[in-house]
Amino acid sequence: MPRIIPIRDLKNTTAISTLCHEEEEPIFVTKNGYGDMVLMSMETYEKNLFLANVYGKLEEAKQDMKNGKYSSVEDAISRIKKNHGL
């Protein structure tokens, strides 16, 4: 379940930092009852960035498969061997 805190709670920076590291998920900050910001630890940010990149590459691969842009495993291994002198 997402953690939601009011902006006034940002006054206690040490507690917010601890919360960010404990939750390992984004923390949503509201201002006057509306969403305003999202906070997260660097580790969570990097993990989310990595996953977004992986999902993007998987989507590209899915589109390539759909459009017939793929080769057999044997062809891929042959190209790797040729490119790396194996």
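**Exercise 1. Is L10 buried, exposed or partly exposed?**

This is a predicted model, where local features need pLDDT of at least 70, side-chain atom pairs count only at pLDDT 80 or more, and totals for chains, interfaces and linings use all residues. Residues are numbered from 1 along each chain as its sequence is written, and side-chain values use heavy atoms, without hydrogens and water.

Step 1. Learn the cut-offs: buried means under 20% relative accessible area, exposed means over 50%, and partly exposed is in between (1.4 Å probe, protein chains only).
Step 2. Read the value for L10: 23% relative accessibility.
Step 3. Conclude that L10 counts as partly exposed.

**Exercise 2. Place L10 in the chain and list its contacts.**

Step 1. Find L10 in the loop between β1 (3–6) and α1. Helices (H or I, at least four residues) and strands (E, at least two) are DSSP runs, numbered from the N terminus.
Step 2. Set aside neighbours within four places in sequence; L10 is then in contact with I5, I16, V29, M37 and L39. Contact means heavy atoms within 4.5 Å.
Step 3. Now look far along the chain. I77 is 67 residues from L10, and their C-alpha atoms are separated by 54 Å.

**Exercise 3. Describe the fold and the overall extent of the protein chain.**

Step 1. Count the elements: 3 helices and 3 strands.
Step 2. Put them in sequence order: β-α-β-β-α-α.
Step 3. Test for a compact globule. The radius of gyration is 22 Å, well over the 12 Å that the globule rule gives for 86 residues, so the protein chain is more spread out than a compact globule. The radius is taken over C-alpha atoms, and the rule is 2.2 Å times the number of residues to the power 0.38.
Step 4. Add the spans: along its principal axes, the C-alpha trace covers about 60 × 30 × 20 Å.
Step 5. Check burial. Buried residues make up 10% of the 86 residues.

**Exercise 4. Which residues make up the largest nonpolar core?**

Step 1. Define it: a nonpolar core is a set of buried Ala, Val, Leu, Ile, Met, Phe, Trp, Tyr and Cys residues joined through side-chain atoms within 4.5 Å.
Step 2. Name the 6 residues: I5, I16, L19, C20, I27 and V29.
Step 3. Trace their origin. Both α1 (13–23) and β2 (27–31) supply at least two residues each. The most come from α1, with 3 residues.
Step 4. Take one member. Beyond four places in sequence, I16 is in contact with I5, D9, L10 and L39.
Step 5. Recall the general trend: in soluble globular proteins, nonpolar side chains tend to be buried together.

**Exercise 5. Characterise M37.**

Step 1. Locate M37 in strand β3 (residues 34–39).
Step 2. Read its relative accessible area of 32%: M37 is partly exposed.
Step 3. List its contacts, not counting residues up to four places away in sequence: I7, L10, I27, F28 and V29.
Step 4. Compare positions. M37 and I16 are 21 residues apart along the chain, with their C-alpha atoms separated by 13 Å.

**Exercise 6. Where do E24 and N32 lie, and what is phi for each?**

Step 1. Place E24 in the loop between α1 and β2.
Step 2. Place N32 in the loop between β2 and β3.
Step 3. Read phi. For E24, phi is near 55 degrees, a positive value in a residue other than glycine. For N32, phi is also near 55 degrees, and N32 too is a residue other than glycine.
Step 4. Finish with accessibility: N32 is exposed, at 71% relative accessible area.
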